[in-house]
Amino acid sequence: MRTFFFLLLSIALCVARPARADDKAERTKKSDAFWLEGNKAHDMGRFDEAVTWFERAYQISEDPELLFNEAQAHRQAGRYEKARFFYAAYLRKKQKGQNTEDARVLVDQMEKLIEEQKKTQAQPPPGVLAP
């Protein structure tokens, strides 16, 4: 009986391994498809849509490069605080990589742009006298 149990367990483990590999391949395929859709949307200037696709891809793959892509879309949409957040998240996940130096520079740029936005928002509209 004990031998039979171990035989069944061995068979179950052997069968389960390919399913995991297939599952991983399927997730990678899905993540890549979402990434491609995000790039298409980004190229067309549809930054909100690009963010959605990049987020979906990241939820599946957790590839830090997707955080950089999302930051880029937020930056180009003028959402500098969100862009800074995602550049920083990218740098936390990936200290060295093809975009890390750019991300460091862009974090600094976002800081400056956020300050400019705050100053602009604090000023009264043109033609209105400050109290």
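Helices in this tour are DSSP runs of at least four residues, numbered from the N terminus. The structure on your screen is a predicted model, and residues are counted from 1 along the chain as its sequence is written.

**First stop: a pair within one helix**

Begin by selecting K40 and E37, which both belong to helix α1, the run of residues 2-43, where they stand three residues apart, or about one turn of the helix. Their side chains meet in a salt bridge, with a distance of 3.2 Å from N to O. If you colour the model by accessibility, E37 should appear as partly exposed, because its relative accessible area is 28%. This pair is one of six salt bridges counted in the model, and the next two stops show others.

**Second stop: K94 and E65**

Select K94 together with E65, whose closest N and O atoms are 2.9 Å apart in a salt bridge. This pair links distant parts of the chain, since K94 sits in the loop between α4 (80-93) and α5 (100-122) while E65 sits in helix α3 (residues 64-76), with their positions 29 residues apart in the numbering. Is E65 buried or exposed? At 14% relative accessibility E65 counts as buried, because the cut-off for that class is under 20%. K94, by contrast, has a relative accessibility of 26% and therefore counts as partly exposed.

**Third stop: R84 and E111**

Move on to R84 and E111, another salt bridge, in which the closest N and O atoms lie 3.0 Å apart. Here too the pair links distant parts of the chain, with R84 in helix α4 and E111 in helix α5, 27 residues apart. Both partners are partly exposed, R84 with a relative accessible area of 25% and E111 at 34%.

**Fourth stop: the largest pocket**

Keep E65 selected and add K24, R27, T28, S31, D32, W35, I60, S61, D63, L66 and N69, which together with E65 line the largest pocket. The volume of this pocket is about 180 Å³. Which helix gives the largest share of the lining? That share, six residues, comes from α1, although α1, α2 and α3 each supply at least two residues. Coloured by class, the lining divides into three nonpolar, four polar and five charged residues.

**Fifth stop: aromatic rings**

Now show the rings of F68, Y87 and Y90, which form one aromatic cluster; over the whole structure, a search finds four aromatic pairs. Then turn to W53 and R56, where the charged end of R56 sits over the ring of W53, at 4.9 Å from the centre of that ring.

**Last stop: two positions brought together by the fold**

Select D48, which is placed in helix α2 (residues 47-61), and draw a distance from its C-alpha atom to that of A77; the separation is 7.8 Å, although the two residues are 29 apart along the chain. D48 is classed as exposed because its relative accessible area, 52%, is over the 50% cut-off. Finish with R75 in helix α3, whose C-alpha atom is 9.9 Å from that of L113, a residue 38 positions away in sequence. At 25% relative accessibility, R75 counts as partly exposed.

Key:
Predicted model: local features only at pLDDT ≥ 70, side-chain atom pairs only at ≥ 80, totals over all residues. Heavy atoms only, no water. Phe/Tyr/Trp six-rings, centres within 6.5 Å; stacked < 30°, edge-to-face > 60°. Lys NZ or Arg CZ within 6 Å of the ring centre and 35° of its normal. Buried < 20%, exposed > 50% of the residue type's maximum accessible area, 1.4 Å probe, protein only. Salt bridge = Lys/Arg side-chain N within 4 Å of Asp/Glu carboxyl O. 1 Å grid on protein atoms, 1.4 Å probe; cavity = no way out; pocket = protein on both sides within 12 Å on 5 of 7 lines; lining within 4 Å. Points joined across faces, edges and corners; volume = space filled by probe spheres on them. Nonpolar A, V, L, I, M, F, W, Y, C, P; charged D, E, K, R; others polar.
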